[in-house]
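Here are some exercises to work through with the model open on your screen. Try each task before you read its solution.

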Amino acid sequence: MNTSEAAFTSEQAAALKAWASYYPYKPMGLLEALRLVQEWNLCVKPEHERFVAEIFDLPASRVREVATFFPFFTQEPTGKKRIGLCHGLSCAMAGSSAMASCLEKNLGVPPFKSTPDGRFSFEEMECLGACDYAPALLVNETLVGAASQESIAASLGQGDIPDFRSRRDPVAQGYETTRILTRHFNEERLAELPVYRSLGGYQGLEKALSLSRIELIEEVKKSNLRGLGGAGFPTGMKWATVPADGKVPGPRYVVANADESEPGCFKDRVLIERSPHQLLEGLLIAAYAIGAKDAFVFIRGEYGIQYRVLRKAVAEAEKAGLVGGNILGKEFSCRVRIMRGAGAYISGLDTALLESMEGKKAWPRQPPPFPTVAGLMGRPTVVNNVETLSMLPAIAFNGGEWFAKIGVPKCGGTAVYSVSGHVERPGVYEFPMGAPLRRILEAAGGVRDGKKLKAVIPGGASTPVLSSHEIDVSMDFEGLRGVGSFLGAGGVIVLDETVNMAEVAHNIERFLAHESCGQCTPCREGSEWTVRILERILAGRGVGGDLPNLQRIGENITGKVICALGDTVGVVTRGFMKKFPKDFERHG
């Protein structure tokens with residue numbers, strides 16, 4: 001037995017080897033194997049990496065590259081209770097810095113250090129996808145939200161931290177609108193297959209299987225369904241770019257992108273937890289449309305509850321003959337497997353997600369070719385996000401024209417918005433495409449505590465800010481583009497009159513600098529420069545050239561990088577400076 005193998009028991013070694021045979025391509029199990037190593041040893045050491053490399057037939061350097069890229073893996077042991085405190089924008093505005101001081105005081109250790117008894121450690125983390133429960137924490141794999149300093153201090157003294165989220169339902173009720181995805185969210189046990197089917201579940205799949213693949217793609221084109229993960233590309237058009245079987249023989253794949261990591265966005269978390277079969281049904285419809293026999297859900301690693309809900313739903317569907325061979329008695333077979341990320345925001349980009357799935361660090365690819373031609377393992381692959389796929393059962397059952405009539409001319413159907421920040425009722429809100437932003441804010445109770453509205457970030461932290469005078473904008477891709485912003489992933493962050501926009505810009509730019517994969521020099525260096533200049537401005541040490549430098553750095557990044565993260569570095573701060581110049585000038 002070599003030294004690296006001695007680090008594991010025979011049962012642990014067997015568990016690691018099981019992941020090497022679970023997916024169609026051996027390295028696809030690498031992230032899950034490293035997650036087990038982290039769980040067992042509270043860290044990933046070189047001897048662990050060497051043994052994992054042998055199992056997966058990879059160079060040890062490749063395993064180390066992955067283990068040191070993803071934040072979930074640590075080289076030094078964490079506490080048995082690993083507490084991650086979110087300091088994303090919504091949580092920062094809800095007092096995450098004060099919570100950090102509370103944790104440090106009560107644990108007696110600074111961030112990234114374990115208590116002497118090894119029971120606890122805490123670290124500051126990027127957005128956890130629980131903005132509606134700010135300030136949010138992650139305790140091992142459990143999201144903990146809506147906690148106060150007093151409740152955290154008391155629970156630490158008892159040796160555990162309970163989940164405070166049950167105090168409020170994240171699914172907003174009490175407002176009138178057309179709903180597609182959330183219309184049954186008040187049903188108890190909706191996540192269970194019998195309840196979902198009693199409400200019409202899997203009828204959309206049955207209808208889809210009665211159509212030819214070409215007919216199904218045409219229905220999706222008619223629907224004007226756009227990609228709801230940020231890009232807004234027409235879904236049917238994306239599917240149509242997958243080469244026909246005769247042109248590119250062999251397997252093709254469908255991937256549900258559930259790696260929702262944009263600050264301000266948490267709708268996927270709620271959609272999966274409440275109605276996992278809605279996602280699975282949509283995933284199977286997409287698989288049928290492009291002739292895929294393997295489908296995957298890539299879910300962010302922080303969503304432990306949602307991961308378990310999905311696994312249960314897949315098992316239910318397999319037992320009922322809805323996943324696997326000859327689905328619903330038709331000549332269509334498809335296996336569904338779930339994969340977890342490991343804490344990298346960049347994995348949410350489709351090509352970086354595919355790299356992660358292949359057991360590599362999440363470096364975005366430079367298209368062309370696009371994933372529909374050469375995606376997972378070089379095979380034609382469709383990547384759609386959770387919300388987009390969840391719309392498909394309704395489209396298949398009711399028809400594309402029905403869906404198109406609900407929205408606006410170029411954006412059919414509805415959209416689910418994540419609303420957080422300085423608002424009375426944070427949560428998810430579903431409205432027809434094109435609904436005014438003002439209407440969404442009114443449904444959420446408006447600005448909390450009687451304060452005045454100062455600004456709204458409409459589509460997640462990476463989208464340009466809107467002033468309080470721009471909230472009558474139509475919330476769809478074209479409407480927001482017309483006022484210089486984007487719908488993005490629908491993460492609406494509300495900012496009241498007390499907010500300093502230079503501090504908001506710093507929070508977002510710090511996030512982007514931390515999450516930059518480092519592949520492109522303009523993004524890697526420019527994001528850090530932007531953060532340092534903003535820190536100097538906020539400290540009152542700004543110099544005359546700071547604001548022009550911020551402008552120039554942004555211009556030198558935008559359009560000169562592989563992916564949109566780098567473009568965002570330039571766009572965000574320039575937008576804040578243009579609309580709120582006094583918040584930057586007063587610190588000079």
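**Exercise 1. Sort the residues that line the second largest pocket by class, then find where they come from.**

Step 1. In this predicted model, the lining splits into 18 nonpolar, 13 polar and 16 charged residues.

Step 2. The lining is made up of 47 residues, and Pro71, Phe72, Thr74, Arg82 and Glu123 sit nearest the centre.

Step 3. Now look at the elements: those giving two or more residues to this lining are α2 (30–41), β1 (81–86), β2 (113–114), β3 (120–125) and α20 (501–515).

Step 4. As for volume, the second largest pocket holds about 960 Å³ of space.

**Exercise 2. Find the cavities of 30 Å³ or more and describe what lines them.**

Step 1. Searching the whole structure turns up two of them.

Step 2. Take the largest cavity, at about 80 Å³. Its lining has 13 residues, and the ones nearest the centre are Ser516, Cys517, Cys520, Cys523 and Cys563.

Step 3. Check for charge: the lining of the largest cavity has nine nonpolar residues, four polar ones and no charged ones.

Step 4. Move on to the second largest cavity, with about 40 Å³ of space. Its lining includes Leu228, Lys267, Glu387 and Tyr417. Strand β10 (residues 414–421) contributes the most here, with three residues.

Step 5. By class, the second largest cavity has six nonpolar, two polar and two charged lining residues.

Step 6. Follow Lys267, one of the residues lining the second largest cavity, into helix α12, where Lys267 is buried along with Asp268, Arg269, Val270, Leu271 and Ile272. That makes six buried residues out of the eight in α12 (residues 267–274).

**Exercise 3. Work out which parts of the chain the salt bridge between Glu141 and Arg340 ties together.**

Step 1. Start with the pair itself: the side chains of Glu141 and Arg340 meet with an N to O distance of 3.3 Å.

Step 2. Place both ends. Glu141 is in the loop between β4 and β5 (142–144) and Arg340 is in strand β8, so the bridge ties together parts that are 199 residues apart in sequence.

Step 3. Compare how accessible the two ends are. Glu141 is partly exposed, at 24% relative accessible area, while Arg340 is buried, at 12%.

Step 4. Repeat the exercise with Asp546 and Arg536, whose closest N and O atoms are 2.4 Å apart in a salt bridge. Asp546 belongs to helix α22 (residues 546–557) and Arg536 to helix α21 (residues 521–538), so this pair ties together parts ten residues apart in sequence. Asp546 is buried, with a relative accessible area of 1%, and Arg536 is partly exposed, at 27%.

Step 5. Look for shared partners: Glu32, Arg35, Glu141, Arg308 and Arg340 are joined into one network by salt bridges. The structure holds 28 salt bridges.

**Exercise 4. Find the nearest side chain of opposite charge to Arg62 and decide whether there is a salt bridge.**

Step 1. Go to helix α4 (residues 60–69), which contains Arg62.

Step 2. The nearest oppositely charged side chain is Glu65, 5.3 Å away. A salt bridge needs the side-chain nitrogen within 4 Å of a carboxyl oxygen, and Arg62 has no salt bridge even though it is buried.

Step 3. See what else is there. Leaving out residues up to four places away in sequence, Arg62 touches Pro27, Glu358, Gly359 and Lys360.

**Exercise 5. Inspect the backbone at Pro135, Pro368, Tyr202 and Asn326.**

Step 1. Ala134 and Pro135 are joined by a cis peptide bond, with omega about -5°. Pro135 sits in the loop between β3 and β4 (137–139).

Step 2. The bond from Pro367 to Pro368 is cis too, with omega near -5°; Pro368 is in the loop between α15 (350–357) and β9 (381–385).

Step 3. Turn to phi. Tyr202 is not a glycine, yet its phi is positive, about 70°. Tyr202 lies in the loop between α8 (193–198) and α9 (203–209) and is buried, with a relative accessible area of 1%.

Step 4. Asn326, also not a glycine, has a positive phi of about 50°, and its place is the loop between α14 (304–319) and β8 (335–340).

Note on methods. Residues are numbered from 1 along each chain as its sequence is written. Side-chain values use heavy atoms; hydrogens and water are left out. On a 1 Å grid over the protein atoms alone, a cavity is a set of points where a 1.4 Å probe fits but cannot get out, and a pocket is an open set with protein on both sides within 12 Å along at least five of seven lines; lining residues have an atom within 4 Å of a point. Grid points are joined across faces, edges and corners, and a volume is the space filled by probe spheres set on the points. Helices (H or I, at least four residues) and strands (E, at least two) are DSSP runs, numbered from the N terminus. Ala, Val, Leu, Ile, Met, Phe, Trp, Tyr, Cys and Pro count as nonpolar, Asp, Glu, Lys and Arg as charged, and the others, Gly among them, as polar. Buried means under 20% relative accessible area, exposed over 50%, partly exposed in between (1.4 Å probe, protein chains only). Lys and Arg count as positive and Asp and Glu as negative; His and the chain ends are not counted. Contact means heavy atoms within 4.5 Å.
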